[in-house]
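Hi everyone, thanks for making the time. I'd like to walk you through one chain this morning, so let's put it up on the screen.

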Amino acid sequence: MDVNPLFLLEFVLFSGVALAWAGYEFWSARPTKDDAASPPADDTGHPEG
């Protein structure tokens, strides 16, 4: 059984790009340490409070 080297190259390249994109999306969606350390704002936009 012969495996086409071009197929393997395409498969590895596409997998690498997909994993890199997933990693970028994961890291860009995480809150920064400054966001986690700051207390929530009390301004909710309600006139009662």
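Before we go in, one cut-off to keep in mind: a residue is called buried under 20% relative accessible area, exposed over 50%, and partly exposed in between. And please remember that what you see is a predicted model.

Let's try that cut-off on Leu8. This residue sits in helix H1, which covers residues 5-29. Its relative accessibility is 40%, and because that value falls between the two limits, Leu8 counts as partly exposed.

Now, what does Leu8 have around it? Together with Val3, Phe7, Phe11 and Val12, Leu8 makes up a nonpolar patch on the surface, and the accessible area of the five adds up to about 500 Å².

Let me zoom out for a moment. The chain has two helices and zero strands. How many of its 49 residues count as buried? The share is 0%. As for the accessible surface of the chain, it comes to about 5100 Å², and carbon and sulfur atoms account for 67% of that.

Back to H1, then. This helix has 25 residues, and from first C-alpha to last it reaches 36 Å, close to the 36 Å expected at 1.5 Å a residue. Why do we say that H1 lies largely in the open? Because zero of its 25 residues are buried. At the N-terminal end, H1 is capped by Asn4, where a side-chain oxygen lies 3.2 Å from the backbone nitrogen of Leu6.

My last topic is the aromatic rings. Searching the whole structure turns up two aromatic pairs. One is Phe7 with Phe11: the ring centres are 6.4 Å apart and the planes are at 20°, so this pair is stacked. Both residues belong to H1 and are four residues apart, about one turn of the helix. We met both of them a minute ago, in the nonpolar patch. Phe7 has a relative accessibility of 49%, so Phe7 counts as partly exposed.

And the other pair? That is Phe26 with Trp27, whose ring centres are 5.7 Å apart. Here the planes are at 80°, so the pair is edge-to-face. With a relative accessible area of 52%, Phe26 is exposed. Trp27, at 56% relative accessibility, counts as exposed too.

That's my tour for today. Thanks for listening, and I'm happy to take questions!

Note on methods: Residues numbered from 1 in each chain as written. Predicted model: local features only at pLDDT ≥ 70, side-chain atom pairs only at ≥ 80, totals over all residues. Heavy atoms only, no water. Patch = residues over 30% accessible without salt bridge, like charges linked within 9 Å, V, L, I, M, F, W, Y side chains within 5 Å. Areas by Shrake-Rupley, 256 points an atom, 1.4 Å probe, with all protein chains shown as cover. Salt bridge = Lys/Arg side-chain N within 4 Å of Asp/Glu carboxyl O. Buried < 20%, exposed > 50% of the residue type's maximum accessible area, 1.4 Å probe, protein only. Phe/Tyr/Trp six-rings, centres within 6.5 Å; stacked < 30°, edge-to-face > 60°. Expected span 1.5 Å × (residues − 1). Polar contact = N/O pair within 3.5 Å; in protein donor to acceptor, adjacent residues only side chain to side chain.
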